[in-house]
Amino acid sequence: MSNETTNERDGLFEMAAGFVGGATRVGLTVASVPLVLLPRNSRRRVRRAMAEVAMAVVAFPKELANVSERVVDDIFATDPPQINLPSPQRVGEQVRSFTERLARAAEELGTSFSRAAGRAADAVEQGAAKVDEWVETPPKTPLAP
């Protein structure tokens, strides 16, 4: 950065600081106008309290910046955390194992469906055989007396 740019920036900061300082003084003066109605001791205490509040308002961002700076320093001063990822071979083994288990489960499910379908077909055939038997055998009716 050139010296001229630094001077311009410093001048701009000084102007902004002067504006904020003047606005703060005017605001505090306007806020303290009603204090004229108070007795002298009370007026002094209230003005002191107003000054303390104004100092706290100014000190708060500074303290927050200091705490933030310490936190950032703590984070970046230590080594980054190590992440232990499994090797690609290990991931491949786990995927193959899962695929094999899934294939076995699908095969067992297919076998179960096949058995259930076979049983259902047998039951249907038995039912059809009984119907055929009933149709082919004439009903026996008792003779009339």
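**Surface patch**

I looked first for nonpolar side chains on the surface of this predicted model. I found a patch made of Val67, Val71, Val72, Ile75 and Phe76. Together these five residues have about 480 Å² of accessible area.

I then took Val67 from the patch and asked where it sits. Val67 is part of helix α2, which covers residues 40-77. Is Val67 buried or partly exposed? Its relative accessibility is 37%, so I entered Val67 as partly exposed.

**Helix α2**

I checked the length of α2 next. The helix has 38 residues, and its first and last C-alpha atoms are 54 Å apart. The span expected at 1.5 Å a residue is 56 Å, and I noted that the value found is close to this.

I also looked for a bend in α2. There is one of about 30° at Ala59. A proline, Pro61, follows Ala59 within four residues.

**Arg47**

I stayed in α2 for Arg47, which belongs to this helix. Which residues does Arg47 touch, if those up to four places away in sequence are not counted? I found Ser32 and Leu35. For Ser32 I also looked up the C-alpha separation from Arg47, which is 7.2 Å, with the two residues 15 apart along the chain. Arg47 has 48% relative accessibility and therefore counts as partly exposed; the cut-off for exposed is over 50%.

**Salt bridge**

How many salt bridges does the structure hold? I found one. The pair is Arg90 and Glu93, and their closest N and O atoms lie 3.6 Å apart.

I checked how the pair is placed in sequence. Both residues are in helix α3, residues 88-136, and they are three residues apart, so about one helical turn separates Arg90 from Glu93. I looked up accessibility for each partner as well. Arg90 has a relative accessible area of 42% and is partly exposed. Glu93 is partly exposed too, with a value of 43%.

**Whole chain**

I ended with the chain as a whole. How many helices and strands are there? I counted three helices and zero strands. Read from the N terminus, the order is α-α-α.

For burial, I noted that the chain has 145 residues and that buried ones make up 2% of them. Buried here requires a relative accessible area under 20%. The chain exposes about 13,500 Å². Carbon and sulfur atoms supply 63% of that area.

Conventions. Residues numbered from 1 in each chain as written. Predicted model: local features only at pLDDT ≥ 70, side-chain atom pairs only at ≥ 80, totals over all residues. Heavy atoms only, no water. Patch = residues over 30% accessible without salt bridge, like charges linked within 9 Å, V, L, I, M, F, W, Y side chains within 5 Å. Areas by Shrake-Rupley, 256 points an atom, 1.4 Å probe, with all protein chains shown as cover. Salt bridge = Lys/Arg side-chain N within 4 Å of Asp/Glu carboxyl O. Helix = DSSP H or I, 4+ residues; strand = E, 2+ residues; numbered from the N terminus. Buried < 20%, exposed > 50% of the residue type's maximum accessible area, 1.4 Å probe, protein only. Expected span 1.5 Å × (residues − 1). Bend = angle between axes of the 7 residues up to and from the residue. Contact = heavy atoms within 4.5 Å.
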